[in-house]
Amino acid sequence: MAVKFIPGRGMYANAYVARGTVLVDAGVTPMAIEAHRNTITHIILTHCHFDHIAYLPALQKMTGAKICIHEADAEGLINDNLSLAMHFGEHSPGIIPDIILHGGEVIEGYEIIHTPGHTPGSICLYDRGSAELISGDTVFSDGAFGRYDFPGGSRSVLSDSLQKLTQLKVGGLYPGHGIPARENGERFIKAAAALIQSAYG
């Protein structure tokens with residue numbers, strides 16, 4: 001199985017180990033990925049919210065991995081307002097990323113897709129070979145979508161991002177919160193795209 005699911009605890013986000021070399025998001029403790037500490041080369045952040053970056057310093061120290069985040073969310077790693085760290089009684093990790101993403105890059109076989117709306121720099125990771133999508137808080141496996149009322153969020157922009165994702169063939173859908181859908185991911189993406197247009201359009 002290409003994607004290992006590491007469930008988040010409480011308000012903290014899920015993480016995923018993809019192909020053993022990529023850790024997606026950093027809201028889980030180092031203990032949760034101990035078995036992969038020597039193989040992870042990249043930590044790719046789907047966006048800058050604190051529940052996805054809380055353990056970034058410890059995870060970086062443990063793995064030595066390169067930290068990757070979209071250029072529009074990079075400031076959130078040092079800005080408490082953008083990361084929403086104050087909601088957790090914490091501060092942003094204060095880390096400068098190693099790799100600034102723009103969308104379109106391919107890292108360890110995963111295509112980076114820029115999907116703003118939840119945050120300006122939200123991304124998804126897509127494996128065209130297996131049709132697996134790691135979606136952060138852009139879309140969830142119950143047909144819902146991420147909030148857009150935080151700093152930098154936008155309903156219309158998120159709607160456009162969801163519409164873009166409907167063009168992909170998606171089997172496995174691995175969201176930032178909730179249980180992954182191992183198949184029929186396209187169905188949930190299309191449901192979210194329809195919901196944001198009908199209920200909020």
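# A tour of two cores, one open sheet and two pockets

Begin by selecting Leu23, Ile33, Ile40, Ile43, Leu45 and Leu56, which, of the 24 residues in the largest nonpolar core, touch the most other members. A nonpolar core here is a set of buried Ala, Val, Leu, Ile, Met, Phe, Trp, Tyr and Cys residues joined through side-chain atoms within 4.5 Å, where buried means under 20% relative accessible area, exposed means over 50% and partly exposed lies in between, with a 1.4 Å probe and protein chains only. Next, colour strand 2 (15-18), helix 1 (50-53), helix 2 (56-63) and strand 5 (66-70), the elements that give two or more residues to this core, and note that helix 2 gives the most, with three residues. Helices (H or I, at least four residues) and strands (E, at least two) are DSSP runs, numbered from the N terminus. A second, separate core of 19 residues includes Val139, Leu162, Leu173 and Ile196.

Before going further, keep in mind that this is a predicted model, in which local features need pLDDT of at least 70 and side-chain atom pairs count only at pLDDT 80 or more, whereas totals for chains, interfaces and linings use all residues. Residues are numbered from 1 along each chain as its sequence is written, and side-chain values use heavy atoms, with hydrogens and water left out.

**Single residues to select**

Return to Ile40 and display its surroundings: leaving aside neighbours within four places in sequence, Ile40 is in contact (heavy atoms within 4.5 Å) with Val17, Gly20, Thr21, Leu23, Ile33, Thr63 and Ala65.

Then select Ile95, which lies in the loop between helix 3 (80-83) and strand 6 (99-101). Ile95 counts as buried, because its relative accessibility is 10%. Not counting residues up to four places away in sequence, Ile95 touches Leu56, Pro57, Gln60, Ile67, Leu77 and Ile78. One of these, Leu77, is 18 residues from Ile95 in sequence and 5.8 Å from it in space, C-alpha to C-alpha.

For another loop residue, move to Tyr55, between helix 1 and helix 2. Tyr55 has a relative accessible area of 31% and is therefore partly exposed. Outside its neighbours within four places in sequence, Tyr55 is in contact with Ala26, Gly27, Val28, Thr29 and Pro30. Measuring in the viewer from Tyr55 to Ala74, which are 19 residues apart in sequence, should give 16 Å, C-alpha to C-alpha.

**The open sheet**

Now show strands 7 to 11, which form an open sheet of five strands in the order 7-8-9-10-11, with mixed pairing; two strands pair if DSSP finds at least two bridges between them. The edge strands, each pairing on one side only, are strand 7 (106-107) and strand 11 (173-175).

Walking across from strand 7, one meets strand 8 (residues 110-114), paired with strand 7 in the antiparallel sense over two bridges. Ile107 stands opposite Tyr110, and Val106 has Glu111 as its bridge partner. The two strands form a hairpin with two residues between them, and Glu108 in the turn has a positive phi of about 50°.

Strand 8 also pairs with strand 9 (residues 123-127), in the antiparallel sense over four bridges, and here the partner of Ile113 is Cys124. Strand 9 in turn pairs antiparallel with strand 10 over three bridges, with Asp127 bridged to Glu132. This hairpin has four residues between its strands, and Ala131 in the turn has a positive phi of about 60°.

Pause at strand 10 (residues 132-136): five of its five residues are buried, so it is largely enclosed by the rest of the structure. Glu132, Ile134 and Gly136 point one way from the strand, while Leu133 and Ser135 point the other way. Strand 10 pairs with strand 11 in the parallel sense over three bridges, and Ile134 has Tyr174 as its bridge partner.

**The pocket linings**

Finally, select His49, Asp51, Leu84, His87, Phe88, His118, Asp137, Phe140, Gly146, Arg147, Phe150 and His177, the lining of the largest pocket. On a 1 Å grid over the protein atoms alone, a pocket is an open set of points where a 1.4 Å probe fits, with protein on both sides within 12 Å along at least five of seven lines, and lining residues have an atom within 4 Å of a point. About 220 Å³ of space lies in this pocket, the volume being the space filled by probe spheres set on the points, which are joined across faces, edges and corners.

The second largest pocket, of about 160 Å³, is lined by Ile6, Pro7, Gly8, Arg9, Tyr12, Gly27, Val28, Thr29, Ala32 and Tyr55.
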